[in-house]
Amino acid sequence: MSSKYDVLVIGGGNAALCAAISARRGGASVLVLEGAPKFYRGGNTRHTRNMRCAHDAATDILTGPYTEDEFWEDLLRVTGGQTDEVLARHMIRESKDILNWIVEQGVRWQPSLGGTLSLGRTNSFFLGGGRAMLNALYLTAERLGVDVEYDAEVTDLVIEDGMFLAARLKRPIRGETEIRATSLVAAAGGFEANIEWLKQYWGEAADNFLIRGTPYNRGSILKMLLDKGVQEVGDPTQCHAVAIDARAPKFDGGIITRHDSVVFGIVVNKHAQRFYDEGEDIWPKRYAIWGRLVAAQPDQIAYIIFDSTVVTSFMPTLFPPIAGQTIAELAGKLELGPAALEKTITEFNAAVRPGTFDHTILDDCVTEGITPAKTHWARRIETPPYLAYPVRPGITFTYLGTRVTKEARMLMADGKPSANMFAAGEIMAGNVLGKGYAAGMGMTIGSVFGRIAGREAAKHARN
Amino acid sequence: MHGTRILDEADRLMTVCNSCRYCEGLCAVFPAMEMRRAFSDGDLNYLANLCHSCGACYVDCQFSPPHEFNVNVPKTLAVARAESYAAYAWPGALSGAFARNGLVISVIAALSMAAFILGFAALNDHSVLFGVHTGPGAFYKLMPHNAMAALFSAAFLYAILALAMSVRAFWRDIGTPIGGRADGGSIFQAIRDAGELRYLHGGGVGCYNEDDKPTDRRKLFHHLTFYGFLLCFAATSVATLYHYLWGREAPYPWWDLPVVLGSLGGIGLIVGPIGLFVAKTGRDPALLDENRYGMDVGFIAMLFLTGFTGMALLVLRESAAMGPLLALHLGAVFALFITMPYGKFVHGIYRFAALVRYAQERRSEAGS
């Protein structure tokens, strides 16, 4: 076994595997180093379920066309313009072919899942979810002759003048603690599981964050690259956060700990006070703001409070709601001040104006005379049992990354392109996604730039 | 909570899965689950019997062990399924047969074959038992046709009665929310789904057995076994018609319909069970209900024995071995019949009923 590969891929998720497969198909010898054990391979890809690709016509599983322009407008809207138009439009154009290419790599599509009808036109769902998608990519990569190593933690990168030379390993692989390769593809994700790093921006509050993915998304490769002169992109202080159940495990609770019941009730903090308009916007946008809102509350905890009339209005939840026959009983179970919670709910109920409830549109059920107002879907909370979900910020991914070109080639801090270093996936997502998120975009970035990075890395190795 | 520990665990898993739904496209279990927000014992037994144990949801699940959510749907539903066989067994006094099923089946099979050999030996002269018999009615020199027909009809009718009572209890238990009788369309759909093992395919990727590669061939071997069994049953039925309608007595020439059907079926019943057994021994223990190994292997062995003794009888029917082989074959078939309601055979009955229920639910949902 040669100790020098044409292409070294660091990471083990969608972007890494697309890069490995594409490089191997381009004729390169490829080694994938996944820092996690085999079961936890794939980083956040484990928890994904769909990908957003442009397409000009309906397909077997997509209900209608989603043009490049529409995709671009959606991206512009969610990022508030914090995107690189050239790179983003390139990605969107390439995403069209990914719909077919990824199937050639063994991934299977299915129509949008129950409860996600709003994505039926824009997003293609993986049959069996993200881990099934990963399994298919790994099987294809191994069949093509890509070498894969698990528990392969990289401790250092040897980089000279923007040129990758070798990666040093924590434990030897085939007797080697240093792997040399002609090209590098860094596809090792962000740093969302690195609490110490998050604390640099969030302070002690980060101790109360729950991490939705595995504990292995520590951003060590990203840090090494930035320390060794790769140009950074994206706001380092920002991360994508949603409100997830406070009873969820610290790491890897995935999608099932989420709550989408905010619009059906009110949200209070530990002082039993409301702090934001629960009816501001419709799914999925409303889903994505609550992580940050809860992070700003004392002790980073909040409680979604509703009553028994709305229990069947949202998806069944992993953790059952906490119930009380009276507001005071519920407050006791939540360890909130009973008087304060009763006051908040009484005032809220008194402020609710009559309207026609419809949670699928921005309806006319509003409050009057309280601050903050609830501007849609406001209904009185008055039918026991009273119910609550405790929620905390659930961190999905981070925005800080390495700047890249259209060829997925890293740019050095001095603006020069690296000779042989490429990046794909979350580690460079900030180029396209400066902030915000729309379902399935992370996977689009991963597959499109993974495929490009692998192709370019192989091309470099052959020359 | 539920009556048993395994149903509590199945309930916990369905709650996890219902908040995820990534596996919705893999099979019928998850769409059926999504039609519910809470799960009664009957619901869980329905889902358990709807599961074909393809293993895909385990390999695809981001929360399967070693994840702390410890989601293992195939194994949990396999245990629940086996316990449901005992729970619905008729008469209830015999449900204990499922507890040590491998032992029960082996003892009954051994006793049955021994009884036929002893019976043949006691009722026939030595020269008849080991004689060479050819031509129409050769078999009946050892056991009169009417005795054979009466004995096997009684065993078969008992099996039908016990199975019918069992599946009736199951059907009532899984009846909510639709209840009532099965409609023809749903039954037809279930026949198609069962006939092609539609849900033993990992959602199209294939099934999983020894590892995380979808290389499993159980579907093929199950088809060989199941259609082999049906062909053998058809052979017997045709022969019975020959006998009573046209007075044509067995054995029949090799080209005649009962022999052709029986030979094809017999090959299926030999190759299929061997394949299923090999697949079972290689299967990842994580996916298996290991306590039911005896039940599974017992049934596989009974089918194999039936096929093997039948084929041996066909090949050697014109030799002196015919008498003892006939005894062995009849003993195997008799044991197979009377153990049908108390062994792995019932999986097909309950799964079919579950598929009918699923077809009904899909129709009801589409219509609403």
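These legends describe close-up views of a predicted model.

**View 1. Chain B meets chain A through 27 residues on each side.**
The contact joins 27 residues of chain B to 27 residues of chain A. On the chain B side, two helices each supply at least two residues: α1 (5-18) and α4 (56-60). By class, that side of chain B holds eleven nonpolar, eight polar and eight charged residues. The size of an interface is often given as the accessible area lost when the parts come together. The figures here are residue counts, 27 for chain B and 27 for chain A.

**View 2. The largest nonpolar core has 147 residues.**
Four of its residues touch the most other members: A:Val7, A:Val9, A:Ala19 and A:Ala187. Helix α10 (residues 441-462) of chain A gives the largest share of this core, ten residues. A second core, of 107 residues, lies apart from it. Among the residues of that second core are B:Val29, B:Phe39, B:Ala109 and B:Leu313.

**View 3. The surroundings of A:Val9.**
Neighbours within four places in sequence are left aside here. What remains in contact with A:Val9 is A:Ala16, A:Ala19, A:Ala20, A:Val30, A:Leu31, A:Val32, A:Val185 and A:Ala187. Two of these, A:Ala19 and A:Ala187, join A:Val9 and A:Val7 as the core residues that touch the most other members.

**View 4. A three-stranded open sheet in chain A.**
The strand order is β3-β5-β4, and the pairing is antiparallel. The edges are β3 (50-52) and β4 (109-110) of chain A. Each has a single partner strand, so one side of each is left without a neighbour in the sheet. Three bridges join β3(A) to strand β5 (residues 123-126) of chain A in the antiparallel sense. A:Asn50 has A:Phe125 of β5(A) as its bridge partner. In a regular strand the side chains alternate between the two faces of the sheet.

**View 5. Strand β12 of chain A is largely enclosed.**
This strand covers residues 239-245. Seven of its seven residues are buried, so β12(A) is largely enclosed by the rest of the structure. Its antiparallel pairing with strand β16 (residues 386-398) of chain A runs over seven bridges. Within the pair, A:Ala243 stands opposite A:Pro393 of β16(A).

**View 6. Helices α3 and α10 of chain A cross at about 90 degrees.**
Helix α3 (residues 85-104) of chain A packs against α10(A) with the axes 9 Å apart. The angle makes α3(A) roughly perpendicular to α10(A). From α3(A), the contact residues are A:Met91, A:Glu94, A:Ser95, A:Ile98, A:Trp101 and A:Ile102. They meet A:Thr444, A:Ile445, A:Ser447, A:Val448, A:Phe449 and A:Arg451 of α10(A). By class, this contact has seven nonpolar, three polar and two charged residues. Helix α10 of chain A also gives ten residues to the largest nonpolar core.

**View 7. Helices α1 and α3 of chain B cross at about 80 degrees.**
The axes of α1(B) and helix α3 (residues 41-50) of chain B are 10 Å apart. The angle makes α1(B) roughly perpendicular to α3(B). B:Leu7, B:Ala10, B:Asp11 and B:Met14 represent α1(B) in the contact. Their counterparts in α3(B) are B:Asp41, B:Leu44, B:Leu47 and B:Ala48. Six of the contact residues are nonpolar, none is polar and two are charged. Helix α1 of chain B also supplies at least two residues to the side that touches chain A.

**View 8. The loop between α9 and β16 of chain A holds A:Trp377, with a positive phi.**
Most residues other than glycine have a negative phi, and most peptide bonds are trans. This loop, which follows α9 (338-351), includes A:Pro372. The bond from A:Thr371 to A:Pro372 is cis, with omega near -5 degrees. A:Pro385 has its place in the loop too. The bond from A:Pro384 to A:Pro385 is cis, with omega near 0 degrees. For A:Trp377, phi is near 55 degrees. A:Trp377 counts as buried because 25 C-beta neighbours lie inside 10 Å.

**View 9. A:Ala408 has a positive phi in a loop of chain A.**
The loop runs between β17 (401-402) and β18 (409-411). Phi of A:Ala408 is near 65 degrees. With 29 other C-beta atoms within 10 Å, A:Ala408 is buried.

Terms used:
Residues numbered from 1 in each chain as written. Chains lettered and ligands numbered in written order. Predicted model: local features only at pLDDT ≥ 70, side-chain atom pairs only at ≥ 80, totals over all residues. Contact = placed C-beta atoms within 7 Å. Helix = DSSP H or I, 4+ residues; strand = E, 2+ residues; numbered from the N terminus. Nonpolar A, V, L, I, M, F, W, Y, C, P; charged D, E, K, R; others polar. Core = buried A, V, L, I, M, F, W, Y, C linked by C-beta atoms within 7 Å. Buried ≥ 20, exposed ≤ 12 C-beta atoms within 10 Å, placed from the backbone. Pairing = 2+ DSSP bridges. Axes fitted to C-alpha atoms, helices over the stretch in contact; angles between N-to-C directions. Parallel < 35°, antiparallel > 145°, perpendicular 65-115°, else oblique.
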